[in-house]
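The exercises below concern confidence, the relation between chains, and helix packing. Please work through each task with the structure open before reading its solution.

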Number of protein chains: 2
Amino acid sequence: MHIADNLELIQKISTPSPTKIVLLVIDGLGGLPNPETGKTELETAKTPNLDQLATKSICGLTDPVSPGITPGSPPGHLALFGYDPVKYNEMIGRGLVETLGIDFDLKPEDIAARGNFCTVDEAGLVTDRRAGRISTEKCTELCRLLEGIAIEGVKLFVLPVKEHRFAVVFRGEGLAPEVSDSDPQQTGVMPKAAKAQRATARRTANIANEFIAQTKSILAKHHPANMVLLRGFSKQPDIPTMSEVYKLKPAAIAAYPMYRGLAKLVGMQLLKTGATIAEEFTTLKQNYADYDFFFLHIKGTDSAGEDGDFNRKVSAIEEIDKALPTLTSLKPDVIVVTGDHSTPALLKGHSWHTVPVLLYSKWCRADRVREFSETTCIMGGLGRFPATQVMPLAMANALKLNKFGA
Amino acid sequence: MHIADNLELIQKISTPSPTKIVLLVIDGLGGLPNPETGKTELETAKTPNLDQLATKSICGLTDPVSPGITPGSPPGHLALFGYDPVKYNEMIGRGLVETLGIDFDLKPEDIAARGNFCTVDEAGLVTDRRAGRISTEKCTELCRLLEGIAIEGVKLFVLPVKEHRFAVVFRGEGLAPEVSDSDPQQTGVMPKAAKAQRATARRTANIANEFIAQTKSILAKHHPANMVLLRGFSKQPDIPTMSEVYKLKPAAIAAYPMYRGLAKLVGMQLLKTGATIAEEFTTLKQNYADYDFFFLHIKGTDSAGEDGDFNRKVSAIEEIDKALPTLTSLKPDVIVVTGDHSTPALLKGHSWHTVPVLLYSKWCRADRVREFSETTCIMGGLGRFPATQVMPLAMANALKLNKFGA
């Protein structure tokens, strides 16, 4: 067998076992120092439990995609799950990303597209690709109108996302995603016709154009949102599941749709959970007996970072630290604590900076790091490494990987 | 779009902005400790300005090509410019390297070959492939003679390089580089005929053989340099420019031809400059308003290392340190200081050792390194990493890269 990438190598040597792994993802964990104190959010937060765990762990810093690259949520998480974030992110079309973000239960045969409500003038030329960024309420109301459209042989879902953005899902037999965008990506021109990019997608293109035509008459009186633009026709990609690759029975605990969607994409079971940090940790405890891998996702740190709220990010980290004993008292064989990328409050957004990681197991070969932070993890036994290597390390520490080679 | 390598990924997400990057390359920067003091050249030099900058920076150590590999100047610089040094170095034929090293303005359609003056006996067998290493003056004189050769449809340039080495450039329409060497790479045999390796190169091979034939009669009385051997027929390779990849307006300040040649290869504007360290820094100051990326190359450190002159290398580093305020007072958004490889005086040549790097920006996440040296940079926040990642990191710190993935 030719081994094309690391995932294939892991799949070849992974083996089921009774050990359990918990991957705690603190979204946007890494930060930048507050100019007044010289300390990052994580360094400012009081984290006795994380520090105690770091003391027993091996630590390091990860590059989510590669040095200098600021990852969006999909590549950041794909990497943590062990999937090449560039290769697999490309398989996730824009339409699919929208449905991931709104908790829609996409079926393998469904075709999803990203939609914009837009404005066209009397000649039909696009004057505003975002229809003046109508409110999410307005978007929801218009999506309900459009869901009334009937097209023979397909079931339609028109799903509000945010402001002018929505997703449309076409469900039916024999549909194909190789359909070009109707969105011309500029103003002053007509929307394009959706075109089949291969013969098998002709029916899907016709259905898309029929949807657009009916939409146009329904929206005629709804200026500025009097037309739609579709792009990124896509289908659930053929990604090997975590059960196939790692022989795990994996479960996801995530309060936000995007992360549930990403977990589902790699075959995790989605667990019902409350949205607070404490509730998510309780969900872990309640389901601990039934799975051998848990992805526990905390969003609050990233949201605070995106808002530029240094102190709120500090508080979120402290809240996680308080909840940590719920996790550690379950005594998982392997605990990984890290983030999917950095979100420094100073930059008010995702960034390219490396992300602290700690890995605890009985076999981890603990280093001298005594505090979980950006500055101390530099000195850790894992050094600086690509985030795709986190899962192989977790698997090894759970004694779930056989020897490679005789 | 399928993303084949990191350069393509960067090209996809790079975006122009008013921020400026200065890449200061101290050629052969890395060294080895003087056995008497235990300190390297960089550790011996008094460098208050570099140390102050290191304190505000994130530091690390680069592998120019990969661990254990000693790079020549082309791969060392290609890596620093962000280009895969193995892949792109292969595109640079031997003939091209010679013209890069002598400041010749090669046109995209030109064919260049590396030439050796050699000695042949009466039977025409090669007896010395280097013609007893004739002087550079003699080489220059003979090249002038050969430039008188007339071949229909092409313009000829015969360019002295050093000792027995020269370059020949054929300029004309429809020439192709797929021509085999005339150099047999051994003595006791006849020079080979240049042969077309594909049909489109037949005319070029004929021209090369015509040049060799005329050369033979011109040089007949010039023993030991009574014949020439040609090899490495090559053309300017099709390399994406830095403007294409990074959306930068890049300029190069370099006193030595080889580095100007390499900078030109990736599309940098070459700035006129004086050759001393102070003059090169002044050139930076004078042109600072007109570009957003500067490659500033200092040769003296490498030359001293090659000569095995530890103290002269120390002095060169101290001279750079004294000039540094000219650079820092311009307040570039991103400053990178590093080398293209190590040239330890103890080894009297390029070496495989890692190279210290510091990266300063407002967003760099400074580490605890307070002194710019081989030993301290190990502790830096960048860890040890491939030199090809320097440019993505510089671009990220200049906020010139968009987020990758939704």
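**Confidence and conventions**

Chain A averages a pLDDT (the predictor's confidence in each residue, from 0 to 100) of 95, and 99% of the residues score at least 70. This is a predicted model, in which local features need pLDDT of at least 70 and side-chain atom pairs count only at pLDDT 80 or more, whereas totals for chains, interfaces and linings use all residues. Residues are numbered from 1 along each chain as its sequence is written, while chains are lettered from A and ligands numbered from 1 in the order in which they are written. The model scores ipTM 0.89 and pTM 0.91.

**Exercise 1.** Determine which rotation and shift lay chain B on chain A.

*Solution.* Superpose the copies by least squares on the C-alpha atoms of residues with pLDDT of at least 70 in both. A turn of 124 degrees with a shift of 0.1 Å along the axis lays chain B on chain A with an RMSD of 0.1 Å. That is the relation of a three-fold axis. The copies use different surfaces, since 5% of the contact residues of chain B recur in chain A.

**Exercise 2.** Describe the side of chain B that touches chain A.

*Solution.* Begin with the contact, for which two residues must have C-beta atoms, placed from the backbone, within 7 Å: 22 residues come from chain B and 25 residues from chain A. Next, assign elements as DSSP runs numbered from the N terminus, helices being H or I of at least four residues and strands E of at least two. On the side of chain B that touches chain A, α1 (6–13), β13 (383–386) and α15 (390–397) of chain B each supply at least two residues, and α15(B) gives the largest share, four residues. Finally, sort these residues of chain B into twelve nonpolar, six polar and four charged, where Ala, Val, Leu, Ile, Met, Phe, Trp, Tyr, Cys and Pro count as nonpolar, Asp, Glu, Lys and Arg as charged, and the others, Gly among them, as polar.

**Exercise 3.** Classify the packing of α3(A) against α13(A).

*Solution.* Fit the axes to C-alpha atoms over the stretch in contact, with angles from 0 to 180 degrees between N-to-C directions. Helix α3 (residues 48–55) and helix α13 (residues 310–328) of chain A pack at about 50 degrees, with their axes 7 Å apart. Angles under 35 degrees count as roughly parallel, over 145 as roughly antiparallel, 65 to 115 as roughly perpendicular and the rest as oblique; α3(A) and α13(A) are therefore oblique to each other. The contact residues include Leu53(A) of α3(A) and Asp321(A) of α13(A).
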